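Thanks for sharing this one. Here are a few notes to read alongside the coordinates.

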Amino acid sequence: MASTSTSLAIRTSPPRYVLNANTNPPTKQAAVALPGRRQLISLVTATTVLKALDMPSKAADIGLFGLRKKLKKVEEEAEELVKEGFEAADKGIAAAEKEIEAAEKGLVTAEKGIEAAEAKIESTVSFGGLAQAGAVAGAEFVGVLVAGAVVNGILGPEPQKS
């Protein structure tokens, strides 16, 4: 395998001597390293990558292909749907309240009808105390006759065998 390596060749400028007003002998300034064009491209790319890695990305801030506009439009539509849902729920609650009130009125009317029917039945069926006692005595007499016939039928004479 062949190995590839990149090396940054750095050009340096020769040291410069600067005269200072404070000091008598000239002072030597440090050599400055200047990269070439090719090295600048590598440095610019590397610093851009490092800068991008340092910053947190937010998908909402990407203007690529109108994502931001589409995201805002979807959010507005969602808000509108929620508002419509609440309005529909409020209308449904109001309609349910009206139906409950109508049902309560119907129950009151039905109660009045039942009470009226009970009053008619009582007036039609009601006897005097003596008439009611006579009806009970007659029912008991019929019951005794039926019971006697059943007992006589069960306990009656046995048929003779031939």
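**Notes on the model**

1. The protein has three helices and four strands. Please keep in mind that this is a predicted model. Reading from the N terminus, the order of elements is β-β-β-β-α-α-α.

2. Burial and surface come next. Of the 162 residues of the protein, 1% count as buried. The exposed area comes to about 15,300 Å², and carbon and sulfur atoms supply 63% of that area.

3. On contacts, take the pairs of residues at least 6 apart in sequence: 19% of these contacts join residues at least 24 apart.

4. Which residues form a negative surface patch? You will find Glu75, Glu76, Glu77, Glu79, Glu80, Glu84, Glu87 and Asp90 there. Glu77 sits in helix H2, which spans residues 67-125. With a relative accessible area of 42%, Glu77 is partly exposed, and it passes the patch cut-off because that asks for over 30% relative accessible area.

5. There is also a nonpolar patch on the surface, made up of Phe141, Val142, Leu145, Val146, Val150, Val151, Ile154 and Leu155. Together these residues have about 820 Å² of accessible area. One of them, Val146, belongs to helix H3, covering residues 129-155.

6. If you colour the surface, two places to show are the negative patch that includes Glu84 and the nonpolar patch that includes Phe141.

Conventions. Residues numbered from 1 in each chain as written. Predicted model: local features only at pLDDT ≥ 70, side-chain atom pairs only at ≥ 80, totals over all residues. Heavy atoms only, no water. Patch = residues over 30% accessible without salt bridge, like charges linked within 9 Å, V, L, I, M, F, W, Y side chains within 5 Å. Areas by Shrake-Rupley, 256 points an atom, 1.4 Å probe, with all protein chains shown as cover. Salt bridge = Lys/Arg side-chain N within 4 Å of Asp/Glu carboxyl O. Helix = DSSP H or I, 4+ residues; strand = E, 2+ residues; numbered from the N terminus. Buried < 20%, exposed > 50% of the residue type's maximum accessible area, 1.4 Å probe, protein only. Contact = heavy atoms within 4.5 Å. Lys, Arg positive; Asp, Glu negative; His and termini not counted. Charge placed at Lys NZ, Arg CZ, Asp CG, Glu CD.
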